[in-house]
Amino acid sequence: MLRDKKPFHFIKLRKIWYVISILVIVPGIISLFSQGLNLGIDFRGGSLLDLRFNQPTEVEQVRGVLADFGLEGASIQRSGETDFLIRTRELTEDENLTIVQNLDQKLGGVTVQRNERVGPVIGQELLRKALLALGVASILMVVYIAWRFEFKQGIAAIIALLHDTLVILGIFSIFQIEVDSTFVAAVLTIIGYSINDTIVIFDRIRENMHNRKKGEVLEDIINNSLWQTLARSINTVLTVILVLVALFLLGGATIHNMVLALLIGVSSGAYSSIFNASPLWYDFKKVEERSKPRGARA
């Protein structure tokens, strides 16, 4: 039989994939409840200064000047030899002007490339809209998949997407990596990417079910479909990861966290679309089968 020629059976080993997912997700959930996310100024309000100094400057020099204003705990991120991103509590216009003047005088000249101030009200609105977008996108995807395939496949796909979201949130929470508006864009992008991969697999399963051989059981049809789409899934994710790694290394500090979220999400999405979505659908079908009256099954 075809399944005997495969290195392993995806569906028969599905409990192992579930355990791996749980082991990855649970520490992140604990971290989310215990220490939460390191929210950036987009969410909690604050000031962002993007500065370019006229001569090579060290982080300690910048921090030394900021310490005179009680901002020694500010986030200072180098984005080039002379470029820095500084995130602080919300500053008044006078404070902002005085700090820039001091940096200019003490560190040999500075040019302000970006100066933004975000209030906490804007941050809350951003969070509310992000959650709303996530909810609407999830509902529309269930409706679409239920229309194209089955309602249970839609539920399995959404659980796989929830898996990817929790993986990203958990890792960002554990390592207290700053979350800003680009992080929200990255999570929504991952949801779109991951569902695309899952739909390709579901489509192959549907095609194989139409051409099923006599006596071929559902778990073998799903397993064969996963093996038939495996090379495509791996090749696609590798090409995306190569681009993201290049962006992570060369793209600069401004998009660093967003690219990191995309890297984690793309990897998790490839895993969940192969190892979670279809096995979950198989389990839903088995539960449905067991719940049918004996007469109906006969």
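In this predicted model, Lys286 and Glu289 form a salt bridge, with their closest N and O atoms 3.9 Å apart. The two residues stand three places apart in helix α9, so about one helical turn separates them. Lys286 is partly exposed, at a relative accessible area of 26%. Glu289 is also partly exposed, at 42%. A network of salt bridges with shared partners joins Glu150, Lys152, Lys285 and Glu288.

Across the whole structure, the search finds 13 salt bridges. Side chains of opposite charge can pair when their charged atoms come close. Asp197 and Arg232 provide one case, with an N to O distance of 2.6 Å. Asp197 belongs to helix α7 and Arg232 to helix α8, so this salt bridge ties together parts that are 35 residues apart in sequence. The relative accessibility of Asp197 is 4%, which makes the residue buried, because the buried class covers values under 20%. Arg232 has a value of 32% and counts as partly exposed. Another salt bridge pairs Glu95 with Arg89, and here the closest N and O atoms are 3.2 Å apart. Glu95 is partly exposed, with a relative accessible area of 28%. Arg89 is likewise partly exposed, at 41% relative accessibility.

Aromatic residues form a further set of contacts. The count of aromatic pairs comes to eleven. In one of them, Phe8 and Phe10 have ring centres 5.0 Å apart and planes at 70°, so the pair is edge-to-face; planes over 60 degrees apart fall in that class. Phe8 is partly exposed, with a relative accessible area of 29%. Phe10 is buried, at 1% relative accessibility. Phe10 also pairs with Trp227. Their ring centres are 5.0 Å apart and their planes stand at 50°, so this pair is tilted. Phe10 lies in the segment before α1 (14-34), whereas Trp227 sits in helix α8 (residues 218-250), so the pair ties together parts that are 217 residues apart in sequence. Trp227 is buried, with a relative accessible area of 18%. Ring pairs link both residues into a cluster with Phe8, Trp17, Tyr271 and Phe275.

Phe10 appears again in the nonpolar interior. The largest nonpolar core has 55 residues. Within this core, Phe10, Ile168, Phe172, Phe183 and Ile222 touch the most other members. Two or more residues come from each of α1, α5 (120-148), α6 (151-174), α7 (181-210), α8 and α9 (256-291). Helix α9 gives the most, with 14 residues. The surroundings of Phe183 can be set out by residue. Apart from neighbours within four places in sequence, Phe183 is in contact with Ile168, Leu169, Phe172 and Ala261. A second core is separate and has 17 residues. Among its members are Leu49, Phe53, Ile99 and Val100.

The model also contains paired strands. Strand β3 (residues 75-78) and strand β4 (residues 83-88) run antiparallel and are joined by four bridges. Arg78 has Phe84 in β4 as its bridge partner. Four residues make up the hairpin connection from β3 to β4. In a regular strand the side chains alternate between the two faces of the sheet.

An unreviewed UniProt entry lists residues 16-34, 130-147, 154-177, 183-202, 234-253 and 259-282 under "transmembrane region". Two of these spans were examined in the model. Residues 154-177 are 88% helix and 0% strand. The end C-alpha atoms of this span lie 32 Å apart. Residues 183-202 are 100% helix and 0% strand. Here the end C-alpha atoms are 29 Å apart.

Note on methods:
Residues are numbered from 1 along each chain as its sequence is written. This is a predicted model: local features need pLDDT of at least 70, side-chain atom pairs count only at pLDDT 80 or more; totals for chains, interfaces and linings use all residues. Side-chain values use heavy atoms; hydrogens and water are left out. Rings of Phe, Tyr and Trp (its six-membered ring) pair if their centres lie within 6.5 Å; planes under 30 degrees apart count as stacked, over 60 as edge-to-face and the rest as tilted. Buried means under 20% relative accessible area, exposed over 50%, partly exposed in between (1.4 Å probe, protein chains only). Two strands pair if DSSP finds at least two bridges between them. A nonpolar core is a set of buried Ala, Val, Leu, Ile, Met, Phe, Trp, Tyr and Cys residues joined through side-chain atoms within 4.5 Å. Contact means heavy atoms within 4.5 Å. A salt bridge is a side-chain nitrogen of Lys or Arg within 4 Å of a carboxyl oxygen of Asp or Glu. UniProt positions are given in the numbering used here, feature names are shortened, and annotations may be inferred rather than shown by experiment.
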